[in-house]
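Please open the model in a viewer and keep the sequence panel beside it. The stops below proceed from the whole chain to pairs of helices and then to single residues.

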Amino acid sequence: MDDQYLDAFIRESEEAITELNNSLLDLESDPGDQEAMDEIFRRAHTLKGNFGAMGFEDASNLAHAIEDLLDAMRQGEMDVTAERMDLIFAGVDMIEVIVREIDQEGESTTDTGEMVARLRAVMDDHAASDDGTDELTDASVSGDADETEADETEADETADTDAAFDVEVSVDPDAVERGAVAAQLGLGESDMAGVDAMLALDAVEDAYDLLGTDPDRDAIEDGEYDETFVVVVDADDVDAVTATFEDAPEVESVTARDVIDTVAGATGGDDGTSDGTDDGTPGATDGTPGGTDDTSSEGTDSAGQDTPTAGAAGPDDGSVDEIKSVRVDVDQLDDLHGLVEQLVTSRIKLRRAVETDDLDGATENLNELDKITANLQNTVMDMRLIPLKKVVGKFPRMVRDLSRDLEKDVEFTIEGEDIELDRTILTEISDPLMHIIRNSLDHGIESPDEREAAGKPRTGQIELRASRERDHVIIEVEDDGAGLDVEGIRRKAIEQGVRSPEELEAMDRSSVYDLVFHPGFSTADEVTDTSGRGVGMDVVHDTVTQLDGSVNVESDPGEGTTVSLRLPVTMAIVKVLFVEVGEEEYGIPLKNVDEITRTTDVKQINGTEVIKHDEDIYPVVHLGERFEVPGAHNGHREEIAGNGHKDDGMLVRIRESERQVALHCDEVNSQEEVVVKPLEGILSGTPGLSGTAVLGDGNIVHILDVVTL
C-alpha cells in the first residue's frame, strides 16, 4: 500500500476520532443537540468509508455498526441513554486502538467481532421489545404483494437517464427541494479507486445534498465501480453542477443532465415498505431497525449492561503521540518557494565572486544570504506552528471518563484552542498538561457532597485557557476545588526531608506552593489510578524549563488552584556563548550570562572557591569536574591554596535571577545563534544540560542548563 495514502488515512482518522469523541460528549450532555448528532453521524460514516476504502474490513464493520446505532438515535427510533453512550464510546476507543496499530505495524490484529455483536444486539433487542415496530412491520407485509410493490415504486422512484448514460438511482421525492440533476463522474486510472471516489463524494456533498448514487455508496467507496459512477444531487442548474464537479478532487470527466421530470412523477408511499437500499442518504444504512418507534418504550439494552466505562477501554488515557504532520497554507509554500529561488540565485552569484576573487562582491552576496536565510528561518518556523487543539482536543473525553471513575461532577471548558505553538513544543507539553488536569480532578475538585456542604455547586469547574503575549503563549489550568493546603505541604516537606522546619517557617505562601515542583514531592497519602503515574509536577517543571519556559502555581484555600505555563511560541533560536572545557565545547545561553572574568579574583571560604560581586558571594562550579571532561584544567585549586597562582581559566558569572553561581571553563570563545533541540529518550532530564545544537561545521555542542547544573 502506498505510504502516502496510508499516512493521510491515519492522520485523517486521528482527527475524525477526536472530533467524534467531542461531539459525542456534546450529545451526552444535551441529547437534543441535533447539530452534534449530525456531526457524529457524518464522522462515523467517514470512518466507515475510509476503513473500507483502505481494505480494513473488520474496522469498517465496527464503524458501520456504530454508525447504524447512531442513525437509529438520529432518526428518533432510540433514545440517547448512558448505557448506549458507554457502548459507543467503547467502540470508538477500539477504533482508536486499531488506528494506532495500523500506524505502528501497518495492520491491525484487534478482533472487532464481539464489539460489533454487542452494538447490533442493542438494536436487535430494542426492535424486539418495541410493540409499535412489530405492528407496523406486520401491517406493511400483510396486504396484497402487488399493492406493496406498487407502493415501493411510488415511494422510491427510479431516475432513468438513458439519453446520456444508463443509471438507476432510487430517489425519495420528499428529499427533493430545488431539483434533481444526475452526473456521471469519471476518475480515470487510480491505484486507490475507493479513496479517490471518497474524496470526490466529499466534494459533491460539500456543494449539494446527495440524493442517491449508482452503484450504492458503499460499493463506490470500496472502489467497486466500472471507470465511472453516477450521483444524483438536489440542484436545478445542470451547468453549475457540471462546473462544480469538474473542479472536484480526482474528477477527470463529468456528464450531467436534469432528471427532475422523472422524480416529480413520484408520490409518497408507505415508509414501512422500504427495500432497505443504501443509497448514501442518511437513514438508509444496513442494519438500522425499520419502522417507527415509541420512544417511551426503551427496551432492556441487555447487551450494554456490562459495558465498562469508556476510559477503561481507551488506548492511553488521553496522552498524545508525537505530532507527525502539519497543515501548511498555500501562501506559505509560495513564500518558501520564492525564498529558495533567491537562495539559489545568491549561491550562484557568491560562487562566481569567489572564482573571480571579487572580495567586495562576495561580501555583498554574504550579506544578501544572511537576509534570505533569516527570512527562510522565519517562514519555516511559521510553518511548524500547530493549533493547541491538536493536543487539548482529547482532554474533554479524558475528563469525562476520569470524573465518572472518581464519581465527581465536572464541567471542563477550553478557551483559546486556536492559539498556535511549535510542533515540538506542543508534543512535549501534552503529557504535562494532562497530568495537571488529572491532578485537578483527583486532588482539587471535591466530591459533590463535599462541595454542597461547603456551599459550592455540586458540579466542579476546570478551565484550560490559552493566550498569546508577543513571542510567548500562556496556558492556564484553573479549577474551583479545595485549593492547596499550605500546612499540609509544609508537613509533607518536613516528612520527606525537602526543607527544614526553620526554612519552611521563613517561606511565604507562594514559596511553599513552589515546593510541589521538587523532585519526588507529593502531598498524596496514596497513589491512585488517576494520578501518581510517573509524571509528577517536578517533571512538568523540568519539561517546561527545558523548553525555555516557566511554570507557576497560585491557590486560594477553599477556592481553587491555577497552574500557569509560560512557553515560547517557537523552538528557541538562542544566542549562546561558547566555552572550552578540556577537549570539549559547551554553549551557555547568553541571556543567563552577567559577566566574564579571569580567575584572579577567586577566593576560598571554608575550602570552597567563591568570587565576590556587589557584596554577594558566588560559588565557583568547575565544568570540567561536573562533566568529567578529559584534559580540563581542574587542578588550580591547589595552586591557589599553595603558591598563590590565580590565573587559570575563565569565569562566567551567571545572572543572579537565574542562579547565583560562577562557571569555570578553560577558554571563552565566540557567540552565535543556534537552534536548541531538547534532549530525548534516556538523556531527557539530564542535570545541567538543556539540549544540543548543531554547528555550521557539523559538530554537536551541548547547551547548559545553569539552573540544574
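**The whole protein**

Begin with a surface display: the accessible surface of the protein comes to about 34700 Å², and carbon and sulfur atoms contribute 43% of that area. The model is a predicted one. Switch next to a cartoon, in which the secondary structure comes to 24 helices and 25 strands. Of the 709 residues in the protein, 45% are buried. Among contacts with a separation of 6 or more, 71% join residues that lie 24 or more positions apart.

**First helix pair: α2 and α8**

Select residues 34–53, which form helix α2, together with residues 193–207, which form helix α8. The two pack at an angle of about 155°, and their axes are 8 Å apart. Since an angle over 145 degrees counts as roughly antiparallel, α2 is therefore roughly antiparallel to α8. Their crossing is left-handed.

Now show side chains at the contact. From α2, the contact is made by Thr-46, Gly-49, Asn-50 and Ala-53; from α8, by Gly-194, Val-195 and Met-198. Sorted by class, this contact of α2 with α8 holds three nonpolar and four polar residues, with no charged ones.

**Second helix pair: α4 and α16**

Move to helix α4 at residues 82–105 and helix α16 at residues 395–405. Here the packing angle is about 125°, with the axes 13 Å apart. That angle makes α4 oblique to α16. The crossing of α4 past α16 is left-handed.

Which residues of α4 and α16 meet? Display Asp-86, Phe-89 and Asp-93 on α4, and Arg-397, Arg-400 and Arg-404 on α16; these are the residues that meet. By class, the contact of α4 with α16 has five charged residues, one nonpolar and no polar.

**Third helix pair: α17 and α22**

Select residues 423–444 for helix α17 and residues 537–546 for helix α22. These helices pack at an angle of about 150°, and their axes are 10 Å apart. Again look at the handedness: α17 and α22 make a left-handed crossing.

On the α17 side, the contact is formed by Glu-428, Pro-432, His-435, Ile-436 and Asn-439, and on the α22 side by Met-537, Val-540 and Thr-543. In the contact of α17 with α22, four residues are nonpolar, three are polar and one is charged.

**A residue in a helix: Met-123**

Centre the view on Met-123, which is placed in helix α5, residues 113–129. Is Met-123 buried or exposed? Its relative accessible area is 1%, so Met-123 is buried. Add Leu-69 to the selection: it is 54 residues from Met-123 along the chain, while the C-alpha atoms of the two are separated by 6.7 Å.

**A residue in a strand: Glu-672**

For the last stop, select Glu-672 in strand β22, which covers residues 667–675. Glu-672 counts as partly exposed because its relative accessibility is 35%. Leaving aside residues up to four places away in sequence, Glu-672 touches Val-574, Lys-575, Val-576 and Phe-578. Finally, add Pro-589, which is 83 residues from Glu-672 in sequence and 9.8 Å away in space, C-alpha to C-alpha.

Conventions: Residues numbered from 1 in each chain as written. Predicted model: local features only at pLDDT ≥ 70, side-chain atom pairs only at ≥ 80, totals over all residues. Heavy atoms only, no water. Axes fitted to C-alpha atoms, helices over the stretch in contact; angles between N-to-C directions. Helix = DSSP H or I, 4+ residues; strand = E, 2+ residues; numbered from the N terminus. Parallel < 35°, antiparallel > 145°, perpendicular 65-115°, else oblique. Left-handed = near helix turned anticlockwise from the far one by under 90°. Contact = heavy atoms within 4.5 Å. Nonpolar A, V, L, I, M, F, W, Y, C, P; charged D, E, K, R; others polar. Buried < 20%, exposed > 50% of the residue type's maximum accessible area, 1.4 Å probe, protein only. Areas by Shrake-Rupley, 256 points an atom, 1.4 Å probe, with all protein chains shown as cover.
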